[in-house]
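Trainee: Could you pick one part of this model and walk me through it slowly? I'd like to know what sits next to what, and how each label is defined.

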Amino acid sequence: MSTRNQDRTTTIMKLRLLFHEYYSNNPKSIDIPEKIHAREFAFQTWEHNWHCIERRSKDESGTEIRTGCGKSGKSFQPVKICPNCGSSEVRTTSWNRHIGYQSSDDLLKGLAASAPHSVYHSAAFYQVPIANYMHEKEWQGAELVFDIDADHLDLPCTNDHDAWRCDNKTCHYTGTGNPPEACPNCGQTSFSTRKWICEKCLTSARKYTEKLYDDFLLGDFGFDPDKIQLNYSGNRGYHVRVRDPQIYTLDSNARVEIVHYIMGLGFRSDKAIVTERGSTWMPTREFPGWAGKVADAMVEFIRNIDSYSGNEKWVGTLTDLKSEALEGLLRPRPVLSRKVKGVGVKTWQEIAEKAVESYGGEIDRPVTHDIHRVIRLIGSLNGKTGFEVSLLNREQLDLFSPFEDATVFKDGTLKVLFHKGPATPSFKIGGELYGPYSDESVELPMDAAVFVLAKGVASIE
Ligand SMILES: [Zn+2]
Ligand SMILES: [Zn+2]
Ligand SMILES: [Zn+2]
C-alpha cells in the first residue's frame, strides 16, 4: 500500500468517526420518514466492495485462456484493476440496499452503528421493503420526488471549479471543467474527476427549486404546502417531495407526464401568441398554466440571451434591442414591443418556445419517473461534503446558504494536507474564505476540514 492509500484510509476512519459522533449526539436532527417500516433504506458505504470476474475460454489452438481471478475484497480506494491479478474486469459497488427498519429507534441505532458515507430511503412504500428484487417488494405507492442538481443545469462555473485527471499512471494529464471523451495526451478514456460546488451553482439550483415549488407545485397543481417537503441535498442541489396520499399511486407514466408538463413540452406558442386585427397579442400573467408564464419565461430568456447557444437570426436582434423587448414584456399587461424591429409574430412564437423550454427544462427526469428510486434521508450527512441534508421550509429556502447553514462540525480544528495537482479552488465556510490550496499543509476549523476531506482533495497528515 502506498502512503497515499494509507492517508486515505486514515482520512476515511476519521470522517466515519465524526459521522458516528454526529448520529449518536443528534438523533433529533433526523427526519423520520412516514411509515418507516414500509421503506427500503440504502447506505453508501465508505469502502468499495470489489469482485474480480473470472473467465475461461479457449483460443484457436485449443489452449485454455484464463482472465481474472474471482477474488473479492474491500478497499477505501476506487478499484479499477484487480489488486490481486491486475485484470481490468472488476465490478465494484459501495451500495448496500434493501435495508429495513421497524421503528425510528431502530434506524437511529443503525445510523450510529454504521455511520455510512450516505443514507437514502425509498420514496416508495412496500409490503416487503427488504426483499432483494423489486417484484418481491410489493410496491404500494410512492411520494412524488424531484431532484434539482446543479450538475444538470450546465452552468459556466463548472469550468472554473471542476477538474479531471487522466487515470493512465504514466500520463496523469489534467484539465478543468468536465473530462473530454479521450485524453488529449494519451488517448485513454478513463478519468478521475473533482466536482466542486460554489455559491453560483447552488444559487441557480435554489432559484430553480423555488420556481418548481411556487409556480408549478403550488400554482399549477395546487398541492397543499403542508404536504410538500423541501431539503438541501448536502451537495449540489435540492430535493422536493410531495407527500400527498392522492398522488402515491400514480404510476411511472403519470409521473413522466407531470415532468413533461413542467418542462413545457407540448406548449403551443401559436395558441399563445396570436395576431388579431393587425396587432400581436400574448396572454397576461393571470392566465392559468403555461399561458400565464410565457411573459416571465420570455423575460428570463431575453435577460440571459448572452448565454443562449443557438444561432438563429433573432439572437442578434434581441441582444441589440434587449431593453426594448424587456420593457414591453415587463408591463402589467405584457406586450411584444414594436420597437424590436424585424421580429414578427412567427419569430416571437419561436422565441416563446425557446423561452418556455429553458424556463421549465431543468428537472431531473429519471428521478421523478422512477417509482423505486431512493432519496437522501433528511438530517443525515452527505459523505461528499460532510454537510447536513437540511430540511427547509419555503421561507428558509429563500435565505439558505449551504456553506453557512448546512455545516455541523463546529468544534476544534484539524490539520490537513492538500494533494498535489490542480489547486483546490477557494471556498467560503461560515463566512470565512479559504484557499486556493495546493500541496500544502493547513490547520482548518473542523467544518472546513471535513469539507475538503470529504471532497477528497486533502488527507489527514
Ligand atoms: Zn483478479
Ligand atoms: Zn492521458
Ligand atoms: Zn459553481
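Mentor: Let's start with one sheet and its surroundings, then take a shorter look at some other parts for contrast.

Some housekeeping first. Residues are numbered from 1 along each chain as its sequence is written, while chains are lettered from A and ligands numbered from 1 in the order in which they are written. The model is predicted, so to speak about a local feature we need pLDDT of at least 70, and side-chain atom pairs count only at pLDDT 80 or more, whereas totals for chains, interfaces and linings use all residues.

Now the sheet. It's an open one with 3 strands in the order β24-β21-β25, and the pairing is antiparallel. The names come from DSSP runs numbered from the N terminus: helices are H or I runs of at least four residues, and strands are E runs of at least two. Two strands count as paired if DSSP finds at least two bridges between them. The edge strands are β24 (441-445) and β25 (458-460), each pairing on one side only. From one strand to the next, the twist averages 45°. That kind of angle runs from 0 to 180 degrees between N-to-C directions, with axes being lines fitted to C-alpha atoms (for helices, over the stretch in contact).

Go to β21, residues 413-418. With β24, strand β21 shares 5 bridges, running antiparallel, and Leu414 has Leu444 in β24 as its bridge partner. With β25, there are 3 bridges, again in the antiparallel sense, and here Phe418 stands opposite Ala458.

What about helix α15, residues 446-454? It is largely enclosed by the rest of the structure, because 8 of its 9 residues are buried. Buried is a neighbour count: 20 or more other C-beta atoms within 10 Å of the residue's own, against 12 or fewer for exposed and anything in between for partly exposed, with C-beta atoms placed from the backbone. The buried set is Asp447, Ala448, Ala449, Val450, Phe451, Val452, Leu453 and Ala454. Just after α15, Gly456 takes a positive phi of about 80°.

The loop between β23 (432-434) and β24 is worth a look too, as it holds Pro436. The peptide bond from Gly435 to Pro436 is cis, with omega near 0°. Asp439 is also in the loop between β23 and β24, and it isn't a glycine, yet its phi is positive, near 50°. Asp439 counts as exposed because it has 10 other C-beta atoms within 10 Å.

You'll find another positive phi at Glu138, again not a glycine, at about 60°. Glu138 is in the loop between α3 (134-137) and β8 (139-142). With 13 C-beta neighbours inside 10 Å, Glu138 is partly exposed.

For contrast, look at the open 3-stranded sheet ordered β11-β10-β12, also with antiparallel pairing. Its edges are β11 (174-176) and β12 (191-194); each has a single partner strand, so one side of each is left without a neighbour in the sheet. Here the twist averages 20° from one strand to the next. β10 (residues 163-166) pairs with β12 over 4 bridges, and Arg165 stands opposite Ser192 in β12.

Last, some helix packing. α8 (residues 294-303) and α10 (residues 322-329) pack at about 160°, with axes 10 Å apart. They are therefore roughly antiparallel; the labels are roughly parallel under 35 degrees, roughly antiparallel over 145, roughly perpendicular from 65 to 115, and oblique for the rest. In α8, Ala295, Met298, Val299, Ile302 and Arg303 meet Lys322, Ala325, Leu326 and Leu329 in α10. By class, that contact has 7 nonpolar, no polar and 2 charged residues. Residues are in contact if their C-beta atoms, placed from the backbone, lie within 7 Å. Nonpolar covers Ala, Val, Leu, Ile, Met, Phe, Trp, Tyr, Cys and Pro; charged covers Asp, Glu, Lys and Arg; the others, Gly among them, are polar.

α8 also meets α11 (residues 345-360), where the axes come within 8 Å and cross at roughly 85°. α8 and α11 are therefore roughly perpendicular. The residues of this contact divide into 9 nonpolar, 1 polar and 2 charged.

Technical notes: Contact = placed C-beta atoms within 7 Å.
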